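Please open the model in a viewer and keep the selection panel at hand. The tour proceeds from one selection to the next.

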Amino acid sequence: MQNPVIFVTRKAHFNAAHKLYNNKWTREENETLFGKCANHFWHGHNFDLYVTIKGRPDNDTGFVMDLKKLKILIEDEVVVHLDHKNLNTDVPFLNNVMPSVENIAIAIWNRLLPHFPETIKLHKILLYETERNFVEYFGPDTPF
Ligand code: NI
């Protein structure tokens, strides 16, 4: 009998600056829509990232995935590229992307996805922009 499926989450953290500003609109329109996030001189957030995978515990280790490896993967593919960066200007994989917390979560999913073996599924990206604002992303196949 196969071992049951279980979800495993690793938490990471990064600080980054951004500005939400759409050049299609006037400064006033941007400020109305984006509020403080349109601030011309940028502003920062302390992002908390939770990466959840799912799989079956290995018979020998008891692990779905060695969490040291998951930690390194998140660090190498995501955190080093975002931490203490300006998300509008410094991050190649966010080029031409409005750096909302939604779009950052989707980009993080896309960065991590190719690195899991067949036996491990990426399940969810949970990304907190503030204590009160967070998004959850379950991948592009999520039905509406
Ligand atoms: Ni903001």
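Which residue stands opposite tyrosine 137 in E5? Select tyrosine 137 together with its counterpart, isoleucine 125, which stands opposite. Note before continuing that the model is a predicted one.

**The hairpin**

Extend the selection to strands E4 (121-128) and E5 (134-137). The two strands pair in the antiparallel sense, over four bridges, and a hairpin of five residues leads from E4 to E5. Another facing pair to display is tyrosine 128, opposite phenylalanine 134 in E5. Now show the side chains of E5, which alternate along the strand: Val135 and Tyr137 point to one face and are buried, whereas Phe134 and Glu136 point to the other and are not.

**The sheet**

Next, colour the strands in the order E3-E1-E2-E4-E5, which is their order in an open sheet of five strands with mixed pairing. E3 (85-86) and E5 stand at the edges with a single partner strand each, so one side of each has no neighbour in the sheet.

Within the sheet, select threonine 52, in strand E2. Is this residue buried or exposed? Its relative accessibility is 6%, so threonine 52 counts as buried. Apart from neighbours within four places in sequence, threonine 52 is in contact with Phe7, Val8, Thr9, Lys121, Leu122, His123 and Lys124.

**The nickel site**

Select the nickel ion and show its donors. Which residues coordinate the nickel ion? The donor atoms are NE2 of His18, SG of Cys37, NE2 of His43 and NE2 of His45, at 2.1 to 2.2 Å. Along the chain, these donors follow the spacing H-x18-C-x5-H-x1-H. Histidine 18 belongs to strand E1 (residues 6-18) and histidine 43 to strand E2 (residues 43-55), so this pair ties together parts 25 residues apart in sequence. Both histidine 18 and histidine 43 are buried.

Why is the arrangement around the nickel ion irregular? The four donor atoms subtend angles of 93 to 137°, and a tetrahedral assignment requires all angles to lie between 85 and 135 degrees. The arrangement is therefore irregular.

Remain at the site and centre the view on histidine 45, which is found in strand E2. Histidine 45 has a relative accessible area of 12% and is buried. Its side chain reaches the backbone oxygen of glutamate 129 at 3.5 Å. Not counting residues up to four places away in sequence, histidine 45 touches Phe14, Asn15, Ala16, His18, Cys37, Glu129 and Thr130.

**Helix H3**

Move to helix H3 (residues 101-112). At 1.5 Å a residue, its 12 residues should span 16 Å, and the end C-alpha atoms are 17 Å apart, which agrees. Show the buried residues of H3: Val101, Ile104, Ala105, Ala107, Ile108, Trp109 and Leu112. In an α-helix there are 3.6 residues a turn, so residues three or four places apart point the same way. With what do the buried residues of H3 pack? Their partners are E1, E2, helix H2 (67-82), E4 and E5.

**The loop after H3**

Finish at proline 117, in the loop between H3 and E4. With a relative accessible area of 41%, proline 117 is partly exposed. Draw a distance from its C-alpha atom to that of methionine 65: the separation is 9.8 Å, although the two residues are 52 residues apart along the chain.

Methods: Residues numbered from 1 in each chain as written. Predicted model: local features only at pLDDT ≥ 70, side-chain atom pairs only at ≥ 80, totals over all residues. Heavy atoms only, no water. Donors = N, O, S within 2.8 Å, 3.2 Å for Na, K, Ca; no water. Tetrahedral: all angles 85-135°; square planar, octahedral: opposite > 155°, others 65-115°. Buried < 20%, exposed > 50% of the residue type's maximum accessible area, 1.4 Å probe, protein only. Contact = heavy atoms within 4.5 Å. Expected span 1.5 Å × (residues − 1). Pairing = 2+ DSSP bridges. Polar contact = N/O pair within 3.5 Å; in protein donor to acceptor, adjacent residues only side chain to side chain.
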